[in-house]
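Reader: I have a new model open and would love to walk through it with you. Shall we take it one question at a time?

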Amino acid sequence: MSLPTRALGPLSVSALGLGCMGMSFAYGTPDRGEAVTTLHRALDLGITFLDTADMYGSGDNEELLAAVLADRRDEVTLATKFGILTGEDGYPRGVDGSPGYARRACDASLRRLGVDHIDLYYLHRPDPTVPIEETVGAMAELVAAGKVRHLGLSEGSAETIRRAVAVHPIAAVQMEWSVFSRDIERAVLPACRELGIGLVPYSPLGRGLLTGALPAAFADGDFRRTLPRFQQENLERNLETVGAVREIAASHGATPAQVALAWLLAQGEDVVPIPGTKRVRYLEENAGALDVTLTSADLARLDALRPAGDRYADMTWVERDTLAG
């Protein structure tokens with residue numbers, strides 16, 4: 001099967017991607033067998049834009065993808081990320097955007113993935129101690145060496161993005177964006193469109209909030225326990241707001257997740273959401289979003305929704321700039 005394609009700058013990808021983080025990290029106990037089955041099913045459905053990072057499972061997620069890439073590399077547009085340092089628990093403990101680290105991280109990712117090049121290589125978070133010009137300069141060297149085809153940034157301010165583009169073209173900016181996460185729209189979205197950069201929304205389902213099907217209690221290894229939007233008072237208010245998504249879904253014979261993704265897909269042809277899942281049933285459900293067409297009234301109602309609580313406990317993690325170059 002094949003899906004419609006969309007452009008991230010000069011890079012053509014399937015209109016819907018697959019975020020692979022939860023297969024190895026942050027959402028409870030991983031199931032490798034189910035994850036591999038889900039990856040193969042994604043490719044069979046035409047969801048060929050796969051997104052991982054070196055920190056997911058401390059490299060395990062890239063090694064997981066290698067099991068699929070070994071036989072199906074030509075079908076995949078492969079994206080991975082570097083720059084977040086992790087502690088023994090696998091969670092972030094800092095960032096490193098130094099040129100030397102960029103080169104080492106890329107080589108390590110190539111080894112784990114079992115490939116000779118990465119299609120889209122992101123800086124996972126800007127390093128506030130290293131000018132973005134230095135980091136992107138090192139990433140540009142990876143392009144020149146044939147190890148990387150296109151560059152991206154994951155999070156970062158509009159100013160950081162502008163400074164990065166002055167060094168090397170940026171194909172995509174990845175940020176959290178959903179009906180419930182709208183801060184990208186203030187400055188980053190206009191800057192990206194001015195510069196011809198594609199948008200890759202991660203957590204487009206609000207980390208499960210917009211599906212209306214959260215677990216009764218989060219497992220010990222589920223990092224949503226730490227996020228403001230999932231604290232009890234905020235969560236109760238947010239679940240009430242999700243009622244509007246449910247109503248729109250019912251009117252289309254769709255699921256809330258499909259409506260949330262359809263809202264993002266309607267934001268422009270330069271938008272490619274990467275909903276994450278580790279199960280085939282949710283993968284297939286998400287793919288159905290491409291068949292949902294929202295009315296102008298639906299879009300306006302969804303546009304008006306706002307969540308209770310920030311998306312991270314410390315928003316400087318995603319709103320900071322780097323040193324001036």
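Reader: What radius of gyration does the protein chain have, and how does that sit with a compact globule?

Author: Happy to start there, and please keep in mind that this is a predicted model. A compact globule of 325 residues would have a radius of gyration near 20 Å, so the chain's value agrees with that expectation. Along the principal axes, the C-alpha trace spans about 50 × 45 × 40 Å. The radius of gyration of the protein chain is 18 Å.

Reader: What share of the residues in the protein chain is buried?

Author: The chain holds eleven helices and eleven strands. A residue counts as buried when its relative accessible area is under 20%. Of the 325 residues, the buried share is 59%.

Reader: Let's turn to β9. How many of its residues are buried?

Author: Strand β9 runs over residues 148-154 and is mostly covered. It pairs in the parallel sense with β8 (residues 118-123) over five bridges, and also in the parallel sense with β10 (residues 172-176) over three bridges. Of the seven residues in β9, the number buried is five.

Reader: Which residue of β9 is the bridge partner of tyrosine 122?

Author: β8 and β9 are parallel partners, and the bridge in question joins tyrosine 122 to a residue in β9. That partner is glycine 152.

Reader: Which helix does the chain pass through from β8 to β9, and what is the handedness of the crossover?

Author: The connection is a β-α-β crossover, with the helix at residues 132-144. The helix is α4, and the crossover is right-handed.

Reader: Is leucine 153 buried or exposed?

Author: Leucine 153 lies in strand β9, where it stands opposite valine 173 in β10. From β9 the chain goes on through helix α5 (residues 158-165) to β10, in a right-handed β-α-β crossover. Because its relative accessible area is 2%, leucine 153 is buried.

Reader: How far apart in space are leucine 153 and threonine 241?

Author: Along the sequence, 88 residues separate the two. Taken from C-alpha to C-alpha, the distance is 31 Å.

Reader: Which residue in the turn between β1 and β2 has a positive phi?

Author: β1 pairs with β2 (residues 11-14) in the antiparallel sense over four bridges, and leucine 8 stands opposite leucine 11 in β2. The two strands form a hairpin with two residues between them. The residue with a positive phi, of about 60 degrees, is glycine 9.

Reader: Positive phi values catch my eye. Is serine 58 buried or exposed?

Author: Most residues other than glycine have a negative phi. Serine 58 is not a glycine, yet its phi is positive, at about 55 degrees. This serine is found in the loop between β4 (49-51) and α2 (60-72). Because its relative accessibility is 52%, serine 58 counts as exposed.

Reader: And what about serine 203, buried or exposed?

Author: Serine 203 also has a positive phi, near 50 degrees. Its place is the loop between β11 (198-202) and α7 (232-252). With a relative accessible area of 13%, which is under the 20% cut-off, serine 203 is buried.

Reader: How far is arginine 111 from alanine 66, C-alpha to C-alpha?

Author: Arginine 111 lies in helix α3 (residues 99-113) and is exposed, with a relative accessible area of 63%. Along the chain, arginine 111 and alanine 66 are 45 residues apart. Their C-alpha atoms are separated by 9.3 Å.

Reader: Now for the empty spaces. What is the volume of the largest cavity?

Author: The count comes to one cavity of 30 Å³ or more. Ten residues line the largest cavity, and Glu176, Gly206, Arg207, Arg229 and Phe230 lie nearest its centre. By class, the lining has four nonpolar, two polar and four charged residues. The volume is about 60 Å³.

Reader: Which elements give two or more residues to the lining of the second largest pocket?

Author: This pocket has a volume of about 190 Å³. Its lining has 14 residues, with Arg6, Leu265, Ala266, Leu290 and Val292 nearest the centre. They divide into ten nonpolar, two polar and two charged. The elements giving two or more residues are β1 (5-8) and α8 (256-265).

Notes. Residues numbered from 1 in each chain as written. Predicted model: local features only at pLDDT ≥ 70, side-chain atom pairs only at ≥ 80, totals over all residues. Heavy atoms only, no water. 1 Å grid on protein atoms, 1.4 Å probe; cavity = no way out; pocket = protein on both sides within 12 Å on 5 of 7 lines; lining within 4 Å. Points joined across faces, edges and corners; volume = space filled by probe spheres on them. Nonpolar A, V, L, I, M, F, W, Y, C, P; charged D, E, K, R; others polar. Buried < 20%, exposed > 50% of the residue type's maximum accessible area, 1.4 Å probe, protein only. Pairing = 2+ DSSP bridges. Right-handed = clockwise from strand over helix to strand, strands pointing away. Rg over C-alpha atoms; globule rule 2.2 N^0.38 Å.
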